[in-house]
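Me: Could we go through this model together, one question at a time? I'd like to see the reasoning behind each answer.

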Amino acid sequence: MQLVQLLVSGISQGCIYGLIALGFVLIYKATETVSFAQGELMMLGAFCGLALMTLMGFPFWVAVLASIAAMGVFGAALERFIVRPILGQPAFSIVMLTIGIGYVLRGLVTMIPGIGTETHALPVPYKDQSFNLAGLVLSAEQLVVIGATAVLCALLFALFRYSRLGVAMQAAAQNQLAAYYMGIPVQRLNGLVWALAAAVAAVAGLLLAPITFVHANMGLIGLKAFPAAVVGGFASLPGAIVGGLVIGTVESLSGFYLPDGFKDIAAYLVVLLMLMVRPNGLFGGALRKKV
């Protein structure tokens with residue numbers, strides 16, 4: 001029963017890693033660049049939900065939907081006015097830009113008087129609720145995280161599998177130049193991808209907030225989501241979720257069965273092993289490009 005309890009806890013945490021890793025993969029597939037600002041976008045989404053619930057008095061579900069929509073608009077604006085002008089430059093420049101965006105967002109939040117430097121509890125209706133199933137104690141926060149992740153994955157699958165927008169995104173991810181010649185608005189799609197990645201990050205932040213509270217440094221969890229994207233395969237959306245589950249489960253088990261300190265390095269040990277055994281990740285394939 002203790003093992004099952006640890007597995008549920010690891011899966012719950014892994015879902016958060018997987019959602020942030022989805023943002024990494026979405027942006028990489030669309031632009032072949034890595035955005036290290038995903039953690040800070042998650043943090044900003046959590047603060048947005050907190051402000052709407054506590055300062056403006058929005059009901060829970062209205063605040064959640066409004067926060068997701070607001071972060072989607074913010075992600076699109078970020079791509080249009082900051083990222084797009086530098087596209088085409090060396091990949092190192094874009095990576096450093098996204099790192100800088102993350103630091104700027106974190107700094108701006110900490111500058112807000114009385115809010116940015118404090119730790120806040122997100123007032124969710126399922127806070128501190130738990131269920132006992134034959135000795136297995138499941139917290140409502142964990143169940144909501146797992147359930148919301150499953151629903152979001154189903155929605156993303158439907159988007160990319162059955163909608164014209166999703167098919168166009170896949171086409172642009174495969175070959176932007178060919179997609180452009182076929183009449184697909186590649187630049188507009190890139191903005192939509194950044195909007196989708198920011199919205200998914202906001203969902204992750206709103207799910208994580210009831211567990212770890214809302215604070216300016218909660219975006220550092222993105223450093224654990226990056227290994228999840230590597231383990232799953234940087235070009236695979238399902239791989240991002242699977243990689244997150246792997247990292248979360250390994251962390252949970254190592255934190256209980258291994259000495260102190262192993263939990264903090266477990267994710268990176270898994271990445272090192274994966275790079276030695278399967279460099280493309282669990283769901284990654286060999287990439288070939290004609291020149």
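Me: Leaving aside neighbours within four places in sequence, which residues is Met42 in contact with?
Reply: Happy to help! First, this is a predicted model: local features need pLDDT of at least 70 and side-chain atom pairs count only at pLDDT 80 or more, while totals for chains, interfaces and linings use all residues. Residues are numbered from 1 along each chain as its sequence is written, and side-chain values use heavy atoms, with hydrogens and water left out. With contact meaning heavy atoms within 4.5 Å, the partners of Met42 are Ile20, Ala201, Ala204, Gly205, Leu208, Met218, Gly219 and Ile221.

Me: Which helix gives the largest share of the largest nonpolar core?
Reply: A nonpolar core here is a set of buried Ala, Val, Leu, Ile, Met, Phe, Trp, Tyr and Cys residues joined through side-chain atoms within 4.5 Å, and buried means under 20% relative accessible area, exposed over 50%, partly exposed in between (1.4 Å probe, protein chains only). The largest such core has 79 residues, and those with the most contacts inside it are Leu19, Ile20, Leu22, Met42, Leu122 and Val214. The largest share of this core, 16 residues, comes from helix α8.

Me: How far apart are the end C-alpha atoms of helix α1?
Reply: Helices (H or I, at least four residues) and strands (E, at least two) are DSSP runs, numbered from the N terminus. The expected span of a helix is 1.5 Å times one less than its number of residues, so the 30 residues of α1 (residues 2-31) should span 44 Å. The computed distance agrees with that, at 43 Å.

Me: Are α5 and α6 roughly parallel or roughly perpendicular to each other?
Reply: Axes are lines fitted to C-alpha atoms, for helices over the stretch in contact, and angles run from 0 to 180 degrees between N-to-C directions. Helix α5 (residues 140-162) and helix α6 (residues 164-174) pack at about 75°, with their axes 5 Å apart. Angles under 35 degrees count as roughly parallel, over 145 as roughly antiparallel, 65 to 115 as roughly perpendicular and the rest as oblique. The two helices, α5 and α6, are therefore roughly perpendicular.

Me: Is Ser35 buried or exposed?
Reply: Ser35 is found in the loop between α1 and α2 (38-55). Not counting residues up to four places away in sequence, Ser35 touches Phe24, Ile27, Thr98 and Trp194. With a relative accessible area of 0%, Ser35 is buried.

Me: Which residues does Leu237 contact, leaving aside neighbours within four places in sequence?
Reply: Leu237 lies in helix α10 (residues 237-257) and is buried, with a relative accessible area of 17%. Leu237 and Leu19 are 218 residues apart in sequence, yet 9.8 Å apart in space, C-alpha to C-alpha. The contacts of Leu237 are Leu22, Val25, Leu26, Lys29 and Phe160.

Me: What is the phi of Asp128?
Reply: Asp128 sits in the loop between α4 (91-110) and β1 (130-133). Asp128 is exposed, at 65% relative accessible area. Its phi is positive in a residue other than glycine, near 65°.

Me: And what phi does Phe213 have?
Reply: Phe213 lies in the loop between α8 (186-212) and α9 (222-232). With a relative accessible area of 37%, Phe213 is partly exposed. Although Phe213 is not a glycine, its phi is positive, about 70°.
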